[in-house]
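Student: I would like a close look at a single part of this model, namely the place where two domains of one chain meet. Please set that part in the context of the whole chain as you go.

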Amino acid sequence: MLLNEANPATGFFGLVPWIVFAPVIGLLINAFFGKRLGETGVGLVASLAAGAAFLVSVLQAVSLAQHPEGAIVKLGEWIHIGQLALDWAFRVDTLSVTMMLVVSGVGTLIHIYAIGYMREDVRFKNDPARFPRFFVFLNLFIAAMMILVSGDNYLMLFVGWEGVGLASFLLIGFWYDMDTLGRPSWANSNAAKKAFITNRVGDFGFLIAGFLMFWYLGSFQFDAVFAGAPGLAKLHPEIILLMTVFMLIGVAGKSAQIPLYVWLPDAMAGPTPVSALIHAATMVTAGVYLIARSAPIFGLLHDSQYIVATVGAVTALFAATIAVGQYDIKKVLAYSTISQLGFMVAAVGMGAYVAGMFHLVTHAFFKALLFLGAGSVILGLERGHHHAAHHHGHGSHAENHHEETFDPGDMRNMGGLRKTMPVTFWVYMVGTLALGGIFPFAGFWSKDEILLDASLHFPHVYWILSAAAFLTAFYMGRQVWMVFFGKARHEAAEHAEESPLVITIPLIILAALSALGGFINLPFKGFHQFGHWLEHTLGAIEFPPFSLAVAGVSTLLALGAIALSWLLYQRKPLEHGQADPLAKPLGLLFVGMENKWFIDEAYQFLFVQPYHALAGFLAQKVDWDFWHEWFHDSVLVQGFVGLARFLANPVDLGLIDRVSYWLSDAIRASAEGLRKLQTGFVRSYALSVVLGVAAILGYLLLK
Amino acid sequence: MVPVSYYLILSAILFSLGALGVLMRRNALVIFMSIELMLNAANLAFVAFTRVHETFSGQIFVFFVMAVAAAEVAVGLALIVTIYRSRQSVDIDQLSSLKG
């Protein structure tokens, strides 16, 4: 696990900075020449930049196959102050390259998809000039994410961490002046702010963990920190616990865990490629990566592992319950993402780093697929809506009103899309089966590995996660029945059209990856290729033998859940305007699920309102009344006026003016006197000369 | 030989006459002549002392004084002529336009 300071010339390791440079070049080109390049040009440049990053990542993997010890490629010195020596260095090892491949690989596919998606989206939103900006932000995200996963120290990781946060903020608020339906409103920009501010709370945790690390271990560099951590754990285990808990707060922010997950569902305000890339496949897994990267710290204390695993598991179940009660196609997937991130965090928390990373990779495939599929569905519905509106021409007043509030993301407006959008339907099915954990799709293998590890070490986590897995299959079944089966519940769904190739081809590639991705780490003796790959970074890994019981139970749960969802949603397909069939049997429980357990309202009440009250108090009472009205107006202004009056009256008028007036009066008076001497009689002047000479001579003679 | 005091007394009388002329006469030309008288009184004192001290410095001073007097005459007479032309008079009591 220790890396040699390998010669960067070995293999392709020296190329690693290009994973950051390539997207930066792409974003610069698009930022400066985007308007001139045209939409295809912009998309091509951005996709090529992401593709170049993917190519470099592949080359890193090729080199790693020969030199599995990896390399640290130093680009330059960064911070050298006293004892602290931080370099801008890229760490190439199996863990970071795994992340690079996922980020750039899935990222490239999503870039290509986004060319097609945004071309239509900017037209539905009526602002095609914004097209290049989207790809600038997207490349910015890739660059920042690459810094995050390839940094050799926690500070560099933090730079990437903040960078992806910025990109996320910019992209959630991409349509900042409207809501998700395109109506003028600040809803999207509020969602962006919510994401950014919630992440600040998490970043504060990350920063505290970093400060503790620096204070007690004296470094941010991974190897130095990991070398010092065991000694610190013996002396002050509580410091290690604090460090891990604060780091977990950072993870909870970025990876949307309880209690900071609330921003992720709102982040769906961003265009769908953003939801797929940033808020499902890559950025939100940064927290999982952080824990896996910090494995030598988290592995030191059972308590830290217990806390992290429990938070992850509870999040997985909690978010899954909310997903069951959502109607928005992207909101379901958003809560599903939170839930699946819970699986990953639980896995890396338990010390099952391979299982966690494995699920991260497969999840990136099938969740990106599902989001992009959802995006295709939404576009299809918008096309259908457009089509229907065109054909009807003048509708009745009621219909016009209906059209204005048409929500292409609402699953209650869908139904029967299986026939109108066949490609999207099939790839969506693959994604659903992968997420639901059906053999032999990718999600089955990775989820099973997590459940297996949990059953061996943390039984309570196993039970919670199993329940979450059941719900996962259920809400995905519910979604598929509602969206693709039954009858169209809206004329837009009736007239929905399939998406173009630029959208469906990335979907098909992702579907293939979702179907086959599980085979990179088959849980049988002699396989475990992904585990052995990560072993070079994470140290020797114990592979528990494949358990038919665990796999069987989870498969039965998933199948049962799908059957149950069929029973509820497909045996008697939903009619237009019909209430959810779950609403009646679950009663209040469903109200809670539908309303996200009122967590947003609770946060509003607990944090936002007191904060607003505090801000209002500070603004009105402290700033305005105290500082402005009293201190500024009364103390400063009155004091100044008083001082000025004093200076003007007694000092200026009384003293200075009087002195100068007296001086001028005196000069005038003496001049008046002297004037008389100038008589104009030359002879009197001569007389005074004579007298003067006589006086001087007299003085000289008589002295 | 005539004692030097006689010359000095004559010089003082001439100087006093010149000074009185300057102070009392109103005609600019006469005043001018009185000034010449005072200069020549001083010249007389210079040459008298030259004889007493048997040096030439006094005589040299006389030449200087005569040169200055000549220059003064040239400028002064020109001024007087100009004043006469403009005012038809050389009465200095009437020349009081600079009175304070």
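Tutor: What follows begins with the chain as a whole, moves to the contact between two of its domains, and ends with a hairpin and the contact with the partner chain.

The model is predicted, and the predictor assigns the complex an ipTM of 0.82 together with a pTM of 0.77. For chain B the mean pLDDT is 90, with 99% of its residues at 70 or more.

Chain A is built from 27 helices and two strands. Its C-alpha atoms occupy a box of roughly 140 × 75 × 50 Å along the principal axes, and its radius of gyration is 36 Å, whereas a compact globule of 703 residues would have a value near 27 Å. Of those 703 residues, 50% count as buried. When contacts in chain A between residues at least 6 apart in sequence are considered, 81% of them join residues at least 24 apart.

The domain assignment divides chain A into domain 1 (1–202 + 245–273 + 284–297), domain 2 (301–392 + 407–594) and domain 3 (601–689). The part you asked about is the contact between domain 1 and domain 2 of chain A, whose C-alpha centres lie 23 Å apart. Here 42 residues of domain 1 are in contact with 49 residues of domain 2. On the domain 1 side, the elements that give two or more residues are helix H2 (94–124), helix H7 (237–254), helix H8 (263–266), helix H9 (272–281) and H10 of chain A. Among these, H2(A) gives the most, with 14 residues. By class, the residues on the domain 1 side divide into 29 nonpolar, 10 polar and three charged.

One residue of H10 deserves a closer look. A:Arg293 lies in helix H10 of chain A, which covers residues 286–293. A:Arg293 counts as buried because 26 other C-beta atoms lie within 10 Å of its own, where the cut-off for a buried residue is 20 or more. The C-alpha atom of A:Arg293 is separated by 8.5 Å from that of A:Ser96, although the two residues are 197 apart along the chain.

Turning to the strands of chain A, S1 (residues 71–81) and S2 (residues 84–92) pair in the antiparallel sense over nine bridges. Within this pairing, A:Gly76 stands opposite A:Trp88 in S2(A), and A:Glu77 stands opposite A:Asp87 in S2(A). The hairpin has two residues between the strands, and A:Gly82 takes a positive phi near 55° there.

Finally, there is the contact between the chains, which takes 12 residues from chain A and 10 residues from chain B. On the chain A side, the largest share, five residues, comes from helix H27 (residues 682–702) of chain A. By class, the side of chain A that touches chain B has six nonpolar, three polar and three charged residues.

How values were computed. Residues numbered from 1 in each chain as written. Chains lettered and ligands numbered in written order. Predicted model: local features only at pLDDT ≥ 70, side-chain atom pairs only at ≥ 80, totals over all residues. Contact = placed C-beta atoms within 7 Å. Helix = DSSP H or I, 4+ residues; strand = E, 2+ residues; numbered from the N terminus. Nonpolar A, V, L, I, M, F, W, Y, C, P; charged D, E, K, R; others polar. Buried ≥ 20, exposed ≤ 12 C-beta atoms within 10 Å, placed from the backbone. Domains from an automatic or database assignment. Rg over C-alpha atoms; globule rule 2.2 N^0.38 Å. Pairing = 2+ DSSP bridges. pLDDT = per-residue confidence, 0-100.
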